[in-house]
Amino acid sequence: MYGKKILIVGTDTNAVHAFSKDFEIELVSSVSFIDTVLFSFMPDIIVLDSMYDADIRSIRENPKLSRVPVLLVAENVSYLKNFSQILGIPYLLVCNSAILSNQAFQDHLKKIAEVKVKLLPPKTSSLVKQTILNINMSYSSPITRDVLAQKLNASADYLSRIFKKEMGMQLWDYVNAYRLSEAKNMLLETGRSIKDISFSTGFSDPAYFTRLFHRMYGLSPSSYRSR
């Protein structure tokens with residue numbers, strides 16, 4: 001039934017649900033237990049929800065896993081300890097948990113597992129990681145492709161191109177997916193108006209925000225909140 005294997009390290013049940021239909025999954029609670037499964041389960045991708053760069057490095061330094069792609073998943077990557085220390089680690093992807101359900105991203109991971117696409121070199125990949133960090137830190141502001149690119153001294157077209165190669169999805173689709181996820185949390189956790197939430201998550205047009213939200217979650221913001 002399954003052709004490729006994912007090892008999920010941590011407690012992120014969203015990752016299990018996101019990949020269960022396409023991958024054989026093994027789950028361990030921490031990097032300390034990885035060696036116990038490698039005798040019978042050699043992963044094609046490792047998904048990690050640890051926020052410590054030491055955990056990432058311990059995986060990369062394991063001889064059996066030195067070239068296995070690692071996906072670091074975080075609700076907000078700006079909380080990652082020593083983010084700058086992971087930028088040069090090879091075969092490492094970073095994404096927000098809000099992106100796991102994106103079909104284009106899931107299809108991209110399958111291609112990575114099947115070695116149909118190659119990950120970017122660490123130096124180029126680091127620009128994508130820094131862009132994701134900048135999105136997390138400034139999503140509530142009226143950011144643009146040009147603004148994100150200028151922070152890296154790169155052109156907008158170049159950033160868009162390498163972002164698509166690294167993540168399998170368009171840069172602006174990623175921005176919107178992250179903003180909508182933050183909006184979803186605000187709808188559930190606060191009593192703020194939908195208009196206020198749309199502005200607070202970087203959308204200048206509440207009607208456009210509502211259309212995107214419905215497209216992403218199948219419900220209008222008000223219906224999602226009342227559910």
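**Close-up views of a predicted model**

**Figure 1. Helices H6 and H8 lie roughly perpendicular to each other.** The model shown here and in the other views is predicted. The axes of H6, which spans residues 122-138, and H8, which spans residues 156-167, cross at roughly 95°. Angles of 65 to 115 degrees count as roughly perpendicular, so this label applies to H6 and H8. The two axes come within 9 Å of each other. On the H6 side, the contact is made by Thr124, Ser125, Leu127, Val128, Lys129, Thr131 and Ile132. On the H8 side, the residues in contact are Tyr158, Leu159, Ile162, Phe163, Glu166 and Met167. Sorted by class, the contact between H6 and H8 has eight nonpolar, three polar and two charged residues.

**Figure 2. The largest cavity is lined by residues that include Ser125, Lys129 and Glu166.** The count of cavities of 30 Å³ or more comes to one. The space in the largest cavity is about 40 Å³. Its lining also includes Ile89, Pro90, Tyr91 and Leu92, along with Leu119, Leu120, Pro121 and Pro122. H6 gives the most to this lining, with three residues. Ser125 and Lys129 of H6 and Glu166 of H8 also belong to the contact shown in Figure 1. The cavity lining divides into eight nonpolar residues, one polar residue and two charged residues.

**Figure 3. The largest pocket has a volume of about 400 Å³.** Of the 16 residues in its lining, Asn14, Ser97, Ala98, Ser181 and Lys184 are the closest to the centre. Three helices each give two or more residues to this lining: H1 (13-19), H9 (171-189) and H11 (206-217). The largest share comes from H9, which supplies six residues. By class, seven of the lining residues are nonpolar, five are polar and four are charged.

**Figure 4. The second largest pocket has a volume of about 260 Å³.** Its lining includes Ser101, Asn102 and Ala104, together with Met169, Asp173, Asn176, Ala177 and Leu180. Leu212, Arg215 and Met216 are also in the lining of this pocket. H9 and H11 each supply at least two of the lining residues. The largest share, four residues, is from H9. This lining has six nonpolar, three polar and two charged residues.

**Figure 5. The confidence of the prediction is lowest in H1 and highest in H8 among the elements of the protein, by mean pLDDT.** The mean is 82 for H1 and 97 for H8. Over the protein, pLDDT averages 92. A score of at least 70 is reached by 99% of the residues. As a general point, coordinates should not be read in detail where pLDDT is low. H1 is one of the helices in the lining of the largest pocket in Figure 3, while H8 is one of the two crossing helices in Figure 1.

Notes: Residues are numbered from 1 along each chain as its sequence is written. This is a predicted model: local features need pLDDT of at least 70, side-chain atom pairs count only at pLDDT 80 or more; totals for chains, interfaces and linings use all residues. Side-chain values use heavy atoms; hydrogens and water are left out. On a 1 Å grid over the protein atoms alone, a cavity is a set of points where a 1.4 Å probe fits but cannot get out, and a pocket is an open set with protein on both sides within 12 Å along at least five of seven lines; lining residues have an atom within 4 Å of a point. Grid points are joined across faces, edges and corners, and a volume is the space filled by probe spheres set on the points. Ala, Val, Leu, Ile, Met, Phe, Trp, Tyr, Cys and Pro count as nonpolar, Asp, Glu, Lys and Arg as charged, and the others, Gly among them, as polar. Axes are lines fitted to C-alpha atoms, for helices over the stretch in contact, and angles run from 0 to 180 degrees between N-to-C directions. Angles under 35 degrees count as roughly parallel, over 145 as roughly antiparallel, 65 to 115 as roughly perpendicular and the rest as oblique. Contact means heavy atoms within 4.5 Å. pLDDT is the predictor's confidence in each residue, from 0 to 100.
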